[in-house]
Amino acid sequence: MKHYSQDDLKLIYRVLHRHLGQHPELLDSQFFEDLQKQLHKQAGAEGVDVADHGAWDEWLGNAPVSCDTRMANRAVIE
């Protein structure tokens with residue numbers, strides 16, 4: 001993961017995360033887990049609190065979404 005640009009990793013993560021509902025097997029993918037760990041590490045090094053979903057979204061390049069909106073749109077992935 002370290003050999004790829006941060007912008008590429010963020011793009012791939014955003015696309016994969018957006019499609020988790022259609023491809024729940026990604027949740028068990030070692031690649032997806034490694035990608036998320038690498039991005040968490042990079043974000044943390046830049047002072048981003050990855051537990052703050054709004055800050056994490058903004059760092060990834062997504063529009064920050066309030067917790068109320070996030071919870072209202074939450075779906076169970078089976």
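**Getting to know a four-helix model**

Q: Setting aside neighbours within four places in sequence, which residues is Pro 64 in contact with?
A: Contact here means heavy atoms within 4.5 Å. With neighbours up to four places away in sequence left out, Pro 64 is in contact with Gly 54, Asp 57 and Glu 58.

Q: What average pLDDT does the protein have?
A: This is a predicted model, where local features need pLDDT of at least 70 and side-chain atom pairs count only at pLDDT 80 or more, while totals for chains, interfaces and linings use all residues. Residues are numbered from 1 along each chain as its sequence is written, and side-chain values use heavy atoms, with hydrogens and water left out. The score, pLDDT, is the predictor's confidence in each residue, from 0 to 100. At least 70 is reached by 83% of the residues, and the protein's average is 88.

Q: How many helices and strands does the protein have?
A: Both are DSSP runs numbered from the N terminus: helices are H or I with at least four residues, strands E with at least two. Read from the N terminus on, the elements go α-α-α-α. The tally is 4 helices and 0 strands.

Q: Which helix has the lowest confidence?
A: At the high end sits H2, with a mean of 96. At the low end, with a mean of 65, is the helix of residues 67-72, H4.

Q: Where does Pro 64 lie, and is Pro 64 buried, partly exposed or exposed?
A: Pro 64 lies in the loop between H3 and H4. Buried means under 20% relative accessible area, exposed over 50%, and partly exposed in between (1.4 Å probe, protein chains only). At 49% relative accessibility, Pro 64 therefore counts as partly exposed.

Q: How far apart are the C-alpha atoms of Pro 64 and Gly 54?
A: Gly 54 is among the contacts of Pro 64. Along the chain the two are 10 residues apart, but their C-alpha atoms are separated by 4.7 Å.

Q: Is Gly 61 buried, partly exposed or exposed?
A: Gly 61 is also in the loop between H3 and H4, and its C-alpha atom is 8.3 Å from that of Leu 11, 50 residues apart along the chain. With a relative accessibility of 55%, Gly 61 counts as exposed.

Q: How are H1 and H3 oriented to each other?
A: The axes of H1 (residues 6-18) and H3 (residues 53-60) come within 10 Å and cross at roughly 120°. Axes are lines fitted to C-alpha atoms, for helices over the stretch in contact, and angles run from 0 to 180 degrees between N-to-C directions. Angles under 35 degrees count as roughly parallel, over 145 as roughly antiparallel, 65 to 115 as roughly perpendicular and the rest as oblique. So H1 and H3 are oblique.

Q: Which residues of H3 make the contact with H1?
A: On the H1 side are Gln 6, Lys 10, Tyr 13 and Arg 14. Taken together, the contact residues split into 4 nonpolar, 1 polar and 2 charged (Ala, Val, Leu, Ile, Met, Phe, Trp, Tyr, Cys and Pro count as nonpolar, Asp, Glu, Lys and Arg as charged, and the others, Gly among them, as polar). On the H3 side are Trp 56, Trp 59 and Leu 60.

Q: How does H2 sit against H3, and which H2 residues make the contact?
A: H2 and H3 pack at an angle of about 100°, with their axes 11 Å apart. That angle makes H2 roughly perpendicular to H3. H3 brings Trp 56, Trp 59 and Leu 60 to the contact, while H2 brings Leu 39, His 40, Gln 42 and Ala 43.

Q: Is Gln 38 buried or exposed?
A: Gln 38 has its place in H2 (residues 30-45). Beyond residues up to four places away in sequence, Gln 38 touches Met 1, Lys 2 and Leu 9. Its relative accessibility is 13%, so Gln 38 counts as buried.

Q: Which residue forms a salt bridge with Glu 33?
A: A salt bridge is a side-chain nitrogen of Lys or Arg within 4 Å of a carboxyl oxygen of Asp or Glu, and a search of the whole structure finds 1. Glu 33, at 35% relative accessibility, counts as partly exposed. Its partner is 4 residues apart in H2, which means about one helical turn. With the closest N and O atoms 3.1 Å apart, that partner is Lys 37.
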